Amino acid sequence: MNRVIDRLGLKEPRRALALVVLAALVARLIALDVRVAHWDEARVGYWILHTADTGWWEYRPIIHGPFVQHVTRWTFAVAGVSDFTMRLPVALIGSALPATALLFRSRLRDVETIALGVILAANPLLLYYSRFMRSDLPLAAFAFVTLGAIVAAIDTDRRRYLHLAAIAFALALTTKENAVLYPVSWLGAGTLVVLSRLAADHYDGGDPIATLRSWVTATRRRAWAWRRTLLALPFEILAVVAFFYAPRSPEADAGLFSALADPTLLPGVLGQATVGATGELMDLWLSPSVRGHAYAPYLAHFLVVLAMASAGTAVLAVLAVRWQPRPLVTFCGWWALSGVVGYPYVADIKAPWLAIHVVVALAIPAAVGLLAVVERFRAARIERRQLASVGLALLLVFSGVFAVASAGFTTYHQPPDGFNVVAQSGQPGGDIRPVLQDIRAVAGHNDGTDVLYYGNLSFRDETWANHPPAPSDWFNRLPIPWYTERANATVDSVETAEGLPTNPPPVVIAEGRDRAELAAALDGYAVREEAILIRGGRRTIEVFGFEYHLGGKTFAFFIDRDALEAATAGRDSAPS
């Protein structure tokens with residue numbers, strides 16, 4: 001084993017982490033489209049398609065920062081529109097995350113650096129939400145790069161890391177509003193580390209005042225040496241933030257690209273991208289109504305998610321804080337604790353993805369703790385010269401096996417919602433892909449209205465501007481609008497059976513509780529449950545009911561069999 005590791009060069013962190021990144025990429029890309037779109041993925045994906053179609057975009061805090069929206073739209077333009085390409089940008093960021101361990105190499109041993117990469121690749125929570133189109137994983141990744149670049153800049157005195165930190169933090173600001181909580185946590189954690197260091201100096205008989213003065217003097221000298229770089233950083237951050245937050249418009253006198261062509265428009269566009277976006281953010285996310293919930297239930301849910309999805313990471317981190325209380329380890333411990341205490345307070349819903357921001361804080365202590373455990377076993381059972389070989393072999397095997405195992409548990413299988421705490425309750429538990437394929441086929445061969453929503457899925461004006469905020473009843477349809485928009489289906493709605501047109505569209509969608517009422521109104525059509533096809537009358541109607549983990553909601557899909565047979569005749573007769 002030792003010879004194999006030496007021959008492959010896996011004791012060198014960069015080579016080992018390259019292998020870890022490759023394993024992470026495979027675990028994230030394989031069957032990336034296996035799950036039906038989550039409620040949240042579907043609404044954001046729908047509006048991304050609308051932006052791509054109209055060229056219109058402006059910041060709406062209810063769907064968070066623009067990074068995922070713009071990058072996913074560019075991905076659609078290059079690689080087409082699908083569940084796979086919708087999740088691809090986040091999956092790539094999650095795959096690259098283990099490589100960021102190299103930024104902390106000056107504070108970690110080589111084997112600890114590799115362990116950090118393994119944890120970032122294999123943690124089930126990070127893995128699951130790397131396979132999910134949402135902004136939390138990119139935010140955590142960019143924030144982690146920011147911290148790592150700052151550490152690398154301080155330890156190596158290389159200013160290029162400051163530019164990396166600025167760009168990474170600017171990108172973090174474009175992902176989600178809670179990006180501002182990271183520097184707050186870091187400031188608090190850093191203050192506590194400094195105070196604890198000064199207290200230890202005092203109790204050890206030293207002079208904490210002299211120690212503090214020496215730190216201040218060293219900081220002033222470093223800041224003066226870096227003065228030109230430090231002055232440039234705010235402009236770098238502003239450029240990235242303005243590019244992403246600036247509105248887009250097809251009109252000639254508005255939007256980012258119009259301002260680039262006509263500099264007189266630039267101040268207004270920059271104002272919208274900075275001051276205007278900040279005002280909208282504060283109006284929504286600082287509103288007391290967002291946090292109008294009891295703290296204890298949210299804290300309990302947060303702790304359950306950490307216990308179920310990241311227990312190993314948390315336990316190893318605690319052991320590191322106890323056995324290896326280095327400044328970086330202690331700093332990350334305080335950072336993680338601030339997240340555990342703070343996120344249940346600022347959260348608007350019980351969302352497992354918020355635990356991502358604590359897991360990345362725990363990753364460094366967990367890596368140190370993992371090696372501390374290995375060393376303790378080594379002291380009892382393993383000879384010193386075998387430690388590197390055995391430890392690295394276990395880490396690399398663990399990276400691949402555990403990543404695949406956790407992906408299988410949380411992604412390829414959908415346990416009941418109460419059991420799988422990693423999957424948020426807006427995740428459909430069934431597979432509606434067959435009926436969605438049929439809807440797409442029918443819409444492609446139909447003239448006029450393709451899909452008719454019924455009952456609680458309807459609202460009066462289907463011509464509303466297709467961007468947030470949307471009519472509240474529209475959200476009852478999710479995730480279906482994402483798929484009908486992909487199919488370029490023309491949609492309409494009707495509230496009651498009496499309002500049904502004489503010749504209904506080929507697809508009618510209702511809530512499951514309205515199935516019997518709707519079937520009765522469609523006189524002359526054969527209707528059976530459980531996707532059983534019945535011939536009869538002038539046309540045959542196909543009914544599908546699928547259970548969702550969204551308050552127990554059931555959708556019923558009525559599809560005109562004659563239209564479906566005409567649309568799928570070529571598809572069904574084509575050789576497989």
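These legends go with several close-up views of a predicted model.

**View 1. The whole chain, before we zoom in.**
The chain has 576 residues, and 50% of them count as buried. Its secondary structure adds up to 23 helices and five strands. How much of the contact in the chain, at a separation of 6 or more, comes from residues 24 or more positions apart? The share is 78%, so keep an eye out for partners with quite separate residue numbers, because the percentage counts pairs at least that far along the chain.

**View 2. How sure is the predictor, and where?**
Averaged over the chain, pLDDT is 80, and 78% of the residues reach 70 or more. Helix α5, residues 83–96, has the highest confidence, with a mean of 97. At the other end of the scale sits strand β4, residues 541–547, where the mean is 46, the lowest in the chain. Have a look at residues 526–551 as well: pLDDT stays under 50 there. For that stretch the model still has 85 contacts beyond four places in sequence.

**View 3. Helix α15 meets helix α17.**
Here you see α15 (residues 295–309) packed with α17 (residues 327–346), their axes 8 Å apart and at an angle of about 130°. Parallel, perpendicular or oblique? An angle between 115 and 145 degrees counts as oblique, and that makes α15 oblique to α17. The crossing of α15 past α17 is right-handed. From α15, the contact is made by Y295, Y298, L299, F302, L303 and L306. Their partners on α17 are G339, V340, V341, Y343, P344 and Y345. Sort the residues of this contact by class and you get eleven nonpolar, one polar and no charged.

**View 4. Helix α10 meets helix α17.**
Now α17 turns up again, this time with helix α10, residues 181–203. The two axes come within 8 Å and cross at roughly 135°, which makes α10 oblique to α17. This crossing, between α10 and α17, is right-handed. On the α10 side, look for L181, Y182, S185, W186, A189, G190, L192 and V193. They meet P327, T330, F331, W334, W335, S338, Y343 and V346 of α17. What classes of residue make up the contact of α10 with α17? There are twelve nonpolar, four polar and no charged residues. If Y343 rings a bell, it is listed in the contact with α15 and also in the one with α10.

**View 5. S310, in a loop between two helices.**
Find S310 in the loop that links α15 and α16 (311–323). Is S310 buried or exposed? Its relative accessibility is 2%, so S310 counts as buried. Setting aside neighbours within four places in sequence, S310 is in contact with N123, L125, V305 and V359.

**View 6. T229, in helix α12.**
T229 belongs to helix α12, residues 227–245. With a relative accessible area of 9%, T229 is buried, because buried means under 20%. Which residues does T229 touch, not counting those up to four places away in sequence? They are R159, L162 and H163.

**View 7. P504, in a loop between two strands.**
P504 lies in the loop between β2 (491–494) and β3 (507–511). Its relative accessible area is 10%, so P504 is buried too. Now pick out T449: P504 and T449 are 55 residues apart in sequence. In space, the C-alpha atoms of P504 and T449 are 8.8 Å apart.

Terms used. Residues are numbered from 1 along each chain as its sequence is written. This is a predicted model: local features need pLDDT of at least 70, side-chain atom pairs count only at pLDDT 80 or more; totals for chains, interfaces and linings use all residues. Side-chain values use heavy atoms; hydrogens and water are left out. Axes are lines fitted to C-alpha atoms, for helices over the stretch in contact, and angles run from 0 to 180 degrees between N-to-C directions. Helices (H or I, at least four residues) and strands (E, at least two) are DSSP runs, numbered from the N terminus. Angles under 35 degrees count as roughly parallel, over 145 as roughly antiparallel, 65 to 115 as roughly perpendicular and the rest as oblique. A crossing is left-handed if the near helix is turned anticlockwise from the far one by less than a right angle, and right-handed if clockwise. Contact means heavy atoms within 4.5 Å. Ala, Val, Leu, Ile, Met, Phe, Trp, Tyr, Cys and Pro count as nonpolar, Asp, Glu, Lys and Arg as charged, and the others, Gly among them, as polar. pLDDT is the predictor's confidence in each residue, from 0 to 100. Buried means under 20% relative accessible area, exposed over 50%, partly exposed in between (1.4 Å probe, protein chains only).
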